[in-house]
Amino acid sequence: MTKIYKAYVYEKDNGFHREYFLGEIEGINIRTNIVELANTPIEFFADSKKELLTEMVNFLKGAGHTGVLRVVN
């Protein structure tokens, strides 16, 4: 069965009329022994939605995760 990773993508404005994209993948958390950060999703940033999704896919491939990345919002 193929693993499905849910990606959440948000368009943000930094206050200087420049938009950027922020994203996270459900179930992909920061690996740390710091209690406050242990269940925090890894955040990705990019100037375009295409760049953001490319960065997310490259991260998943580099970390050895296989499956499908779906944008859910």
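**Exercise 1.** Is Phe45 buried, partly exposed or exposed?

*Solution.* Keep in mind that we're working with a predicted model. Start with the number: Phe45 has a relative accessible area of 45%. Next, recall the cut-offs: buried means under 20%, exposed means over 50%, and partly exposed is in between. So Phe45 is partly exposed, given its 45%.

**Exercise 2.** Work out how many aromatic pairs the structure holds, and sort each by its geometry.

*Solution.* The count is two aromatic pairs. Here's what to look up: a pair of aromatic rings is described by the distance of the centres and the angle of the planes.

Step one takes Tyr20 and Phe45. Their ring centres are 6.2 Å apart, and the planes meet at 40°. Planes under 30 degrees apart count as stacked, over 60 as edge-to-face, and the rest as tilted. That makes the pair of Tyr20 and Phe45 tilted, because its angle is 40°. This pair ties together distant parts of the chain, with Tyr20 in strand E2 and Phe45 in strand E3, 25 residues apart. As for cover, Tyr20 is partly exposed, at a relative accessible area of 26%.

Step two takes Phe44 and Phe59. Here the centres lie 5.6 Å apart with the planes at 65°, so we call the pair edge-to-face. Distant parts of the chain are linked again: Phe44 belongs to strand E3 and Phe59 to helix H1 (residues 49-62), 15 residues apart. Check the cover too: Phe44 is buried at 4% relative accessibility, whereas Phe59 is partly exposed at 30%.

**Exercise 3.** Find the residues that make the nonpolar surface patch, and place Ile30 in the chain.

*Solution.* Ile30, Ile34 and Leu37 make the patch, which covers about 220 Å². Now zoom in on Ile30: you'll find it in the loop between strand E2 (19-29) and strand E3 (41-46). Its relative accessibility is 32%, so Ile30 counts as partly exposed.

**Exercise 4.** Which residues does Asn73 contact, once its neighbours within four places in sequence are left aside?

*Solution.* First, locate Asn73: look in the segment after strand E4 (68-71). Then list the contacts, which are Ala7, Tyr8, Val9 and Tyr10. Take Tyr8 as a case: Asn73 and Tyr8 sit 65 residues apart in sequence, yet 6.0 Å apart in space, C-alpha to C-alpha. Last, the cover: with 46% relative accessibility, Asn73 counts as partly exposed.

**Exercise 5.** Which residue lies over the face of Tyr5?

*Solution.* Look for Lys3, which lies over that face at 5.3 Å from the ring centre.

Definitions and conventions. Residues are numbered from 1 along each chain as its sequence is written. This is a predicted model: local features need pLDDT of at least 70, side-chain atom pairs count only at pLDDT 80 or more; totals for chains, interfaces and linings use all residues. Side-chain values use heavy atoms; hydrogens and water are left out. Patches are made of residues with over 30% relative accessible area and no salt bridge: like charges are joined within 9 Å, nonpolar side chains (Val, Leu, Ile, Met, Phe, Trp, Tyr) within 5 Å. Accessible areas come from the Shrake-Rupley method with a 1.4 Å probe; for residues, only the protein chains shown count as cover. A salt bridge is a side-chain nitrogen of Lys or Arg within 4 Å of a carboxyl oxygen of Asp or Glu. Helices (H or I, at least four residues) and strands (E, at least two) are DSSP runs, numbered from the N terminus. Buried means under 20% relative accessible area, exposed over 50%, partly exposed in between (1.4 Å probe, protein chains only). Rings of Phe, Tyr and Trp (its six-membered ring) pair if their centres lie within 6.5 Å; planes under 30 degrees apart count as stacked, over 60 as edge-to-face and the rest as tilted. A charge sits over a ring if NZ of Lys or CZ of Arg is within 6 Å of the ring centre and within 35 degrees of the ring normal. Contact means heavy atoms within 4.5 Å.
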